[in-house]
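Q: Please take a close look at one part of the structure below, its nonpolar core. I should like to know which elements build it and what is found around it.

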Amino acid sequence: MSLPTHPTHQRSCGWNDWLPTRQEKPSLQGSDVADVVIIGAGYTGVAAAMAWQKHHSQDRVTLLEADSIGEGSPGRNSGFMLEVALANDAHPNELARMAKLNALSRQTMALLRERVEQYGIDCQLHHSGTYRAARSDIGQHALHQYRAFLEGAGLSYQALDKAELSERLGTNYYQQGLYSPDCYLVQPAALITGLVDNLDPAIQLFERSPAIGILPDGAGWRVITPEGEINTPTVILANNAFSRALGADTSRLTAIYTYAALTPPLSSADQQRIISEQWGLLPAHRLGCTLRTTSDGRLMIRSRYSYEKEADNAGIEAELKASLEARYPELGPVHFDKMWGGTTGLTYNGAPLWGELQSGLYVSAGCNGGGIVKGTYLGDALARHALGLPVEDIASLFGKASWMPPSPIRKLGFYLKSGIERRKAKRET
């Protein structure tokens, strides 16, 4: 069975549905040429396009987006912009490496913040910090590991008990937690839309133009879309797990779907109790629930995973409702305004698939839920690498994606491992 070149979704993206209607760029029609074609106008692809245009302003840079901007995967995440390493990147025994990662994350976040201010992007960017909280023994064990990393790295944090968490988050569900100031919250669809709509006019964007094939063509490549094609010496794959269908290593990358939902604005009384100020919570255990509030007084929950294919959204919605009601029983029965699925690229060891695949063909994939800041940095670095400019040692900082067994072993392994972990961490989900 051939791999898809882009995701399809059962429901539209809630974040994007609330944005004003924008004028889409046209799709690619007929034949064209470019100095570089970047596939995927998400955070990684946009960063690569901006970096390329900055260093080679005379080149013709083309971005291909399979969907409309804001409706694809970049608009479907939870909107956490971490200034320090992710929990799954955090190792207290590798503090020198982690310090470099943290410095790069802060630099990249500062750059994104500067662009938001420079372009006047209305994306509800808010320096909220982030909580991590646990209810069960397995969750508390993961929390202790992350605390060890924070302490070893000399990063600021607060340890919180059940009562303190209840006061800040309005729920008695969690037994203990940590608060770190090193995080921003953002409306992700508004951010990616604002970044794309403020690209230099020299960068050519085609929306609703999925790359469905890449063929060698002399010394370069021919990128094929449903209604057109582009000849170019250089291609950058920035479409995460879907880069597998276009030449990325299928043995190191898997597509995972995850799911999010947003309530209507809470009542004034509930907002006062739960949202005294905007906050975001990441699970201590990776299979737990992500929670956050919004500037207009909603609660968002993200949880549940499926392998390579989007699960029935109605069934997932019922599970998300149950998880949110367990945390906030006084809100029950919960109603969602919007619920949707989105994809991420997963590697076995959490390291990205990054670099040159063949002459003139490059990839940055396997974000492993790293999201906006990490994807932005890796996209910028990949463009510099492709241009022969100095680049940080990505392999030593992030590692290299390791091999995974093929399907059906991989699929069975995913469901077996996730099933075991879900049973062990049942009180975190």
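A: The following account begins with the whole chain, moves to the core, and then takes up individual elements and residues.

The model is predicted, so local features need pLDDT of at least 70 and side-chain atom pairs count only at pLDDT 80 or more, while totals for chains, interfaces and linings use all residues. Residues are numbered from 1 along each chain as its sequence is written, and side-chain values use heavy atoms, with hydrogens and water left out.

The protein chain contains eleven helices and 20 strands; these are DSSP runs numbered from the N terminus, helices being H or I with at least four residues and strands E with at least two. Its radius of gyration is 21 Å, close to the 22 Å that the globule rule gives for 429 residues, so the chain is as compact as a globular protein of that length. That radius is taken over C-alpha atoms, and the rule is 2.2 Å times the number of residues to the power 0.38. Along the principal axes, the C-alpha atoms fill a box of roughly 65 × 45 × 45 Å. Buried residues account for 56% of the 429, where buried means under 20% relative accessible area, exposed over 50% and partly exposed in between (1.4 Å probe, protein chains only). Among contacts (heavy atoms within 4.5 Å) between residues at least 6 apart in sequence, 76% join residues at least 24 apart.

The largest nonpolar core has 38 residues. Such a core is a set of buried Ala, Val, Leu, Ile, Met, Phe, Trp, Tyr and Cys residues joined through side-chain atoms within 4.5 Å. The members with the most contacts inside this core are I38, V46, W52, L63, M81, L191 and I236. Two or more residues come from each of β2 (36-39), α2 (43-55), β3 (61-64), α3, α6 (188-197), β9 (203-206) and α9 (371-386). The most is given by α2, with seven residues. A second, separate core of 29 residues includes Y174, Y259, L291 and L299.

Helix α2 merits particular attention. Its 13 residues reach 18 Å from first C-alpha to last, close to the 18 Å expected at 1.5 Å a residue; the expected span is 1.5 Å times one less than the number of residues. Eleven of the 13 residues are buried, and the helix is mostly covered. The buried set includes V46, M50 and W52. Leaving out residues up to four places away in sequence, W52 touches D35, V36, S57, D59, V61, T234, I236, A383, A386 and L387.

Helix α3 supplies two further residues for inspection. R115 is found in this helix and counts as buried because its relative accessibility is 12%. Apart from neighbours within four places in sequence, R115 is in contact with M50, I121 and L195. The C-alpha atoms of R115 and G194 are separated by 9.4 Å, although the two residues are 79 apart along the chain. T108 also lies in α3 and counts as buried at 7% relative accessibility. Beyond four places in sequence, T108 touches V373, T376 and Y377.

Helix α3 (95-119) is also part of what covers the buried residues of α4, together with β5 (130-134) and β7 (176-180). Those buried residues of α4 are G139, Q140, A142, L143, Y146, F149 and L150. At 1.5 Å a residue, the 16 residues of α4 (residues 137-152) should span 22 Å, and the end C-alpha atoms are 23 Å apart, which agrees. After α4 comes G154, with a positive phi near 70 degrees.

Among the strands, β13 (residues 235-237) holds L237, which is buried with a relative accessible area of 0%. Not counting residues up to four places away, L237 touches I39, I214, S243, L246, A248, L357, L361, Y362, V363 and S364. L237 and A365 are 128 residues apart in sequence, yet 7.8 Å apart C-alpha to C-alpha.

Strand β12 (residues 228-232) has a covered face of G228, I230 and T232 and an uncovered one of E229 and N231. Strands pair if DSSP finds at least two bridges between them. With β1 (residues 30-33), β12 pairs in the parallel sense over four bridges, and V33 stands opposite N231. With β11 (residues 220-225), β12 pairs in the antiparallel sense over five bridges, and V223 stands opposite I230. A hairpin of two residues joins β11 to β12.
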